[in-house]
Amino acid sequence: MYLNPVMKAIIIAVTVALTAVSSTSAYFDFGDVEIKDFEETTGEQGGNVIILPTEEDHPLFNDDKLGVFDFSGIIGSAQPEPEPEPEPVPGDTDEDGIQDDFDLDGKTDVIPGAVKEVVNTSEMPVWDKSGEYMEINKLMLVNRSNPVTADYVPVDLVRPDYYATNRSESGQYMTREACDAFNKLAGDAEALGYEIVVTTAYRSYNFQSYLYNMYVERDGQEAADRKSAKPGTSEHQSGLTADVSSPSVGYELVQDYGDTAEGIWLAENCYKYGFILRFPEGKEGITGYMYEPWHIRYVGQDVARTIYALDITFEEYCEQYLNL
């Protein structure tokens, strides 16, 4: 079979492009013919020059001699196979700063520095969406140093299935994603014999202003600042937060709730559903607020799992992982 020079150039170019050449011990596999014992040098333009053997060694080519073909200006240098992607290691973070937690063998999720035991991510609860989720920033930090504007209203607010009937319906809405997560949490708790319901969730700027001023008038400025946020600095305005309670404390918001069976279960399991106890005990110096075992904040399952395992506050997480 005769191949003209143009055809041979195409064949060799394709072969070089598809094959990484490192030494004369390598070979091109062209159909049923192996082209061995070639030489490689550097062309004038810096690319590879392949010097093929004569046709008597390879009857596929019936020229007297294949000659020297410099394809450096056509396909450039033959490159070695790319290195495989390195295996991820514990503590890696992706673009949004969220830690990807796993060990090297991929069998057990590990969070470096964890002080509390957590379930593997494969064992975390799952639930169906009640609808399409609108884009929200689950990791928005709202506190005295990071206020929101008076006109901020979260999107996609819906009422959960589990709520206190002795509270106003207008204050019991959450963003859909957080609401779906809470419904799963409350449903799983109910299956275990625990009743956990939302008392209040979203609050507008104006309502928070009324509430805060009421506490100031009743308890004084210093006491009010320990338990109530000034308007614009309350997480309730984010739509990602809920105050929850149970019949064991008359659906009230009291610190004794943390000692009830429901409160203990909530503290130990809410991370599985993407929630954290936003104002944990002994952390007032960091959060600025007294211990509130009823106040849960939705941040998503991965982040909640990390915060729980490390026993840190949301402020500390944002500083360490999000550089906020």
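Me: In this predicted model, does Glu-177 count as buried or exposed, and at what relative accessibility?

Reply: A residue is called buried when its relative accessible area is under 20%. Glu-177 has a relative accessibility of 16%, so this residue counts as buried.

Me: With which residue does the side chain of Glu-177 meet in a salt bridge?

Reply: The general idea is a distance test: a side-chain nitrogen of Lys or Arg must lie within 4 Å of a carboxyl oxygen of Asp or Glu. Here the partner is Lys-138, with an N to O distance of 3.7 Å. Glu-177 belongs to helix H2 (residues 176-191), whereas Lys-138 sits in the loop between E5 and E6; the pair therefore ties together parts that are 39 residues apart in sequence.

Me: How is Lys-138 itself to be classed by its relative accessible area?

Reply: Values between the buried limit of 20% and the exposed limit of 50% are read as partly exposed. Lys-138, at 26%, is therefore partly exposed, while its partner Glu-177 is buried.

Me: How many salt bridges does the structure hold, and which distant parts of the chain does the pair of Asp-109 and Arg-305 link?

Reply: The total is 13 salt bridges. In one of them, the side chains of Asp-109 and Arg-305 meet at 3.9 Å, N to O. Asp-109 lies in the loop between strand E5 (68-70) and strand E6 (157-158), and Arg-305 in helix H7 (residues 301-310), so far along the chain that 196 residues separate the two. Both Asp-109 and Arg-305 are buried.

Me: What is the distance between the closest N and O atoms of Lys-227 and Asp-219, and how is each residue classed?

Reply: Lys-227 and Asp-219 form a salt bridge in which the closest N and O atoms are 2.7 Å apart. Lys-227 is partly exposed at a relative accessible area of 29%, and Asp-219 is partly exposed at 30%.

Me: Which residues do salt bridges with shared partners join into one network?

Reply: The network consists of Glu-235, Arg-278, Arg-297 and Glu-315.

Me: What fraction of the residues is buried, and what share of the contacts joins residues 24 or more positions apart?

Reply: Of the 324 residues in the protein chain, 45% are buried. The chain contains 8 helices and 11 strands. Among its contacts with a separation of 6 or more, 61% come from residues 24 or more positions apart. The accessible surface of the chain is about 17300 Å², and carbon and sulfur atoms account for 49% of that area.

Key: Residues numbered from 1 in each chain as written. Predicted model: local features only at pLDDT ≥ 70, side-chain atom pairs only at ≥ 80, totals over all residues. Heavy atoms only, no water. Helix = DSSP H or I, 4+ residues; strand = E, 2+ residues; numbered from the N terminus. Buried < 20%, exposed > 50% of the residue type's maximum accessible area, 1.4 Å probe, protein only. Contact = heavy atoms within 4.5 Å. Areas by Shrake-Rupley, 256 points an atom, 1.4 Å probe, with all protein chains shown as cover.
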